[in-house]
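Hello,

Here is the structure I promised to hand over. Please have a look at it first; my notes follow below.

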Amino acid sequence: MSGVWVFRNGVVRLVENPTSGAAAAASGKRKALLHTPTGEVVASYASLERKLAALGWERYYAAGGGDGGMLQYHKRTSVDLISLPKDFAHFGSVHMYDIVIKNRDAFRVIDA
């Protein structure tokens, strides 16, 4: 049995998939990606892609068209690669922190 025990309103329950949005909402720790120069919370991939492009990131298309359900971005000046799920609903804190690590001055993860 795996998961996270959540204590809320005097009740303890096991959350089976702690990476899901429901689990984050249940624990009260939903995260958001903040673009620090503008103070804007990233709410869509379109918005994120514009901000990444301004920082020199380009969309990476895999040879043969097989993307595995991921969006990928790379910088010509580095070996870094950002991989994100195609569905923004699955964009989680792990992906946010990956973006922050690779763009320290431009993004921050905050509690939503």
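**Helix 2 and its two sides**

In helix 2 (residues 45-54), the buried residues are Tyr45, Ser47, Leu48, Lys51 and Leu52. Buried means under 20% relative accessible area, exposed means over 50%, and partly exposed lies in between (1.4 Å probe, protein chains only). Helices (H or I, at least four residues) and strands (E, at least two) are DSSP runs, numbered from the N terminus. The buried residues span an arc of only 155° around the axis, so they sit on the same side of helix 2. That arc is taken from the directions from the helix axis to the C-beta atoms. An α-helix has 3.6 residues a turn, so residues three or four places apart point the same way. Arg50 and Ala54 are exposed on the other side of helix 2. Gly56, just after helix 2, has a positive phi of about 100°.

**Ground rules**

The model is predicted: local features need pLDDT of at least 70, side-chain atom pairs count only at pLDDT 80 or more, and totals for chains, interfaces and linings use all residues. Residues are numbered from 1 along each chain as its sequence is written, and side-chain values use heavy atoms, with hydrogens and water left out.

**Overall layout**

The chain has three helices and eight strands. From the N terminus, the order is β-β-α-β-β-α-β-β-β-α-β. Of the 112 residues in the chain, 29% are buried. Contact means heavy atoms within 4.5 Å. Among contacts with a separation of 6 or more, 38% join residues 24 or more positions apart.

**Aromatic rings**

Rings of Phe, Tyr and Trp (its six-membered ring) pair if their centres lie within 6.5 Å; planes under 30 degrees apart are stacked, over 60 edge-to-face, and the rest tilted. That rule gives three aromatic pairs. Tyr45 and Phe91 have ring centres 5.8 Å apart and planes at 75°, so this pair is edge-to-face. Tyr45 belongs to helix 2 and Phe91 to the loop between strand 7 (81-85) and helix 3, so the pair ties together parts 46 residues apart in sequence. Phe88 and Phe91 have centres 5.2 Å apart and planes at 20°, so they are stacked. Ring pairs join Tyr45, Phe88 and Phe91 into a cluster. Phe88 is partly exposed, at 26% relative accessibility. Phe91 is buried, with a relative accessible area of 6%.

**Core**

The largest nonpolar core holds 17 residues. Such a core is a set of buried Ala, Val, Leu, Ile, Met, Phe, Trp, Tyr and Cys residues joined through side-chain atoms within 4.5 Å. Those with the most contacts inside this core are Leu33, Leu48, Leu52, Leu84, Phe91, Ile99 and Phe107. Helix 2, strand 6 (70-75), strand 7, helix 3 and strand 8 each supply at least two of its residues. Not counting residues up to four places away in sequence, Phe91 touches Leu33, Tyr45, Leu48, Leu84, Pro85, Met96 and Ile99.

**Asn103**

Asn103 sits in the loop between helix 3 (93-102) and strand 8 (107-111). Asn103 is buried, at 5% relative accessibility. Beyond four places in sequence, Asn103 touches Leu52, Leu55, Trp57, Lys75 and Ile82.

**Sheet**

One open sheet of three strands runs in the order 4-3-8, with antiparallel pairing. Two strands pair if DSSP finds at least two bridges between them. Strand 3 (residues 31-35) and strand 4 pair over two bridges. His35 stands opposite Glu40 in strand 4.

Best wishes
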